[in-house]
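Here are some short exercises for you to try with a structure at your side. Read each task, have a go, and then follow the solution step by step.

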Amino acid sequence: MSLLQRARTSGILGVGSAVAVSSVAGYLLLAVVGRTLTTSEFALFMSFWGLLFGLASSMSMVEQEAARQSAGGEKDHSAPILRVALAAGAIATTVAALTLLPAVSVRLYGHAESGMGVLVVIATLGFAAQFMVRGLLIGADDIRGYAGLVVAEPTSRLLVLAVVWLTVGVTLGSAAAAVAVGAFAWIGWVGPARRLLRRTQVQAGFGVRSWLDPLRRAGSLMLGAALTAALITGYTTMVTAFSGGAPGAAGGAVFAALTVSRLPLLFVAPLQALAVPTILRWQQAGTNTVKDAHRLLVLAATGTLAVGLVGGLVAWFIGPWAVQVALGAKYVVSPATIAVLVFSACFLGLLQLASAALIAFGSYRWMATVWATATGTTALWLLLNPFDIVLSAVVGALVGPVVGVCVALVVLWRMVGRHVSAVADHA
């Protein structure tokens, strides 16, 4: 194994370990809050949690854009990352500010906790900076710094929650404040981030035109992230919205199977974090041919198909049991249901990696188009199909990612060929 390959493997393991620790810390926080609050308070807390992390997800692709600019080593004169992050934060904060309206605040948080809307606004600003700092670190190949920040975000929440628990006791407001604290974990990495920003930023004026490109880029990134969230974290909401009624017991069972089937996407997170800087360095190597590029795409597609088939086969035999072990014996699903959902999760993972590749090539419109195609196909299926909620949800989870992957691979096939040829001609 070459030094570069060992470094990449070490990076994947380091980021993967950080994501695993982060996930465990997140589940622990929910467990503590769920056990200390009343059922009605926990419902309001989950409303706050869903809103905040939904807004955070809308800015998550700022991390990949920051990684692109940091790894590229060239100053982006059209939309430097600091302005893109500020623009994304402004857009998301404007949406968050809507929760301060009395009618909205009362509906989301109840009469006694309207201040939670203020926490959403403050934490949203923190997340805009956090994703920028994370991207700068991973783009500069600072695996240790990136992994440290990924772990620091949820563990800082747990630490604050523990202090609150031992002193004044956990309430709905204090639990929400502990969650908001994690959005500012990036403060511990201000020094490295400032040095990396100096390398990537350009001096620009403050006129309206100087902000147009950053706003357009932030809008494209946030659109892609919002469409991504619709297919991943928000898919159950899509199914419920388009099914025409309450999901019922059958819907609850298939949602439980969906939750378990999406756990393998945690393994995609470290690959996605490293994808943009890795692709940029692959581009800059100048030793690759069009044939090499196309071979990688074929390997990605066939590898995903193979992993999906094996994963689906394993899920057929142990999936129904795994769902009941994880969520309870009342969730009964068929082997075919969990097998197809695991198979679809593999294509969803490939779609996430293809999206990162499009960002690495600076193709923001195609990135958003790919996700719009995938989400739109799923929405149309859910809206028009005549089947029950189980078959509707299972097939919908598959058709969108498969169509999105096909579109992404066609776009990337043409794009990498042109880029490699251009690099070869320049050399």
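Accessible area is worked out with the Shrake-Rupley method and a 1.4 Å probe. The chain in this predicted model exposes about 19800 Å², and carbon and sulfur atoms supply 70% of that area.

**Exercise 1. Get an overview: how many helices and strands does the chain have, and what share of its residues count as buried?**

Solution.
- Step 1: Go through the secondary structure, and you will find 17 helices and zero strands.
- Step 2: Turn to burial, where 48% of the 427 residues count as buried.
- Step 3: Look at the contacts with a separation of 6 or more: 81% of them are between residues 24 or more positions apart.

**Exercise 2. Find the largest nonpolar core and say which residues touch the most other members.**

Solution.
- Step 1: Start from a general idea: in soluble globular proteins, nonpolar side chains tend to be buried together.
- Step 2: The largest nonpolar core here has 101 residues, and F45, F48 and M59 touch the most other members.
- Step 3: Helix α6 (residues 116–139) gives the most to this core, with 13 residues.
- Step 4: Another core lies apart from it and has 23 residues, among them M238, V239, V323 and L341.

**Exercise 3. Is W316 buried, partly exposed or exposed, and which surface patch does W316 help to make?**

Solution.
- Step 1: Locate W316 in helix α14, which covers residues 290–327.
- Step 2: Recall the cut-offs: buried is under 20% relative accessible area, exposed is over 50%, and partly exposed is in between.
- Step 3: The relative accessibility of W316 is 43%, so W316 counts as partly exposed.
- Step 4: W316 belongs to a nonpolar surface patch of about 890 Å², together with V310, L313, V314, F317, I318, W321 and V325.

**Exercise 4. Which polar partners do the side chains of S70 and T228 have?**

Solution.
- Step 1: S70 sits in helix α3 (residues 61–72), and with 1% relative accessibility S70 counts as buried.
- Step 2: A polar atom of the S70 side chain lies 2.9 Å from the backbone oxygen of L136.
- Step 3: T228 is found in helix α10 (residues 209–231), and T228 is buried because its relative accessible area is 12%.
- Step 4: The side chains of T228 and W371 are joined by a polar contact of 3.5 Å.
- Step 5: Leaving out residues up to four places away in sequence, T228 touches M61 and W371.

**Exercise 5. Which residues are linked with R134 in a network of salt bridges?**

Solution.
- Step 1: Keep in mind that side chains of opposite charge can pair when their charged atoms come close.
- Step 2: The structure holds six salt bridges. One of them joins R134 and E63, at 3.0 Å from N to O.
- Step 3: R134 belongs to helix α6 and E63 to helix α3, so this pair ties together parts that are 71 residues apart in sequence.
- Step 4: R134 counts as buried because its relative accessibility is 14%, and E63 is buried because its relative accessible area is 8%.
- Step 5: R134 also meets E153 in a salt bridge, at 3.7 Å from N to O. E153 lies in helix α7 (residues 143–167), 19 residues from R134 in helix α6.
- Step 6: Put the pieces together: E63, R134, E153 and R157 are linked in a network of salt bridges.

Definitions and conventions. Residues are numbered from 1 along each chain as its sequence is written. This is a predicted model: local features need pLDDT of at least 70, side-chain atom pairs count only at pLDDT 80 or more; totals for chains, interfaces and linings use all residues. Side-chain values use heavy atoms; hydrogens and water are left out. Patches are made of residues with over 30% relative accessible area and no salt bridge: like charges are joined within 9 Å, nonpolar side chains (Val, Leu, Ile, Met, Phe, Trp, Tyr) within 5 Å. A salt bridge is a side-chain nitrogen of Lys or Arg within 4 Å of a carboxyl oxygen of Asp or Glu. Helices (H or I, at least four residues) and strands (E, at least two) are DSSP runs, numbered from the N terminus. Buried means under 20% relative accessible area, exposed over 50%, partly exposed in between (1.4 Å probe, protein chains only). Contact means heavy atoms within 4.5 Å. A polar contact is a pair of N or O atoms within 3.5 Å; within protein, one must be able to donate a hydrogen and the other to accept it, and residues adjacent in sequence count only if both atoms are side-chain atoms. A nonpolar core is a set of buried Ala, Val, Leu, Ile, Met, Phe, Trp, Tyr and Cys residues joined through side-chain atoms within 4.5 Å.
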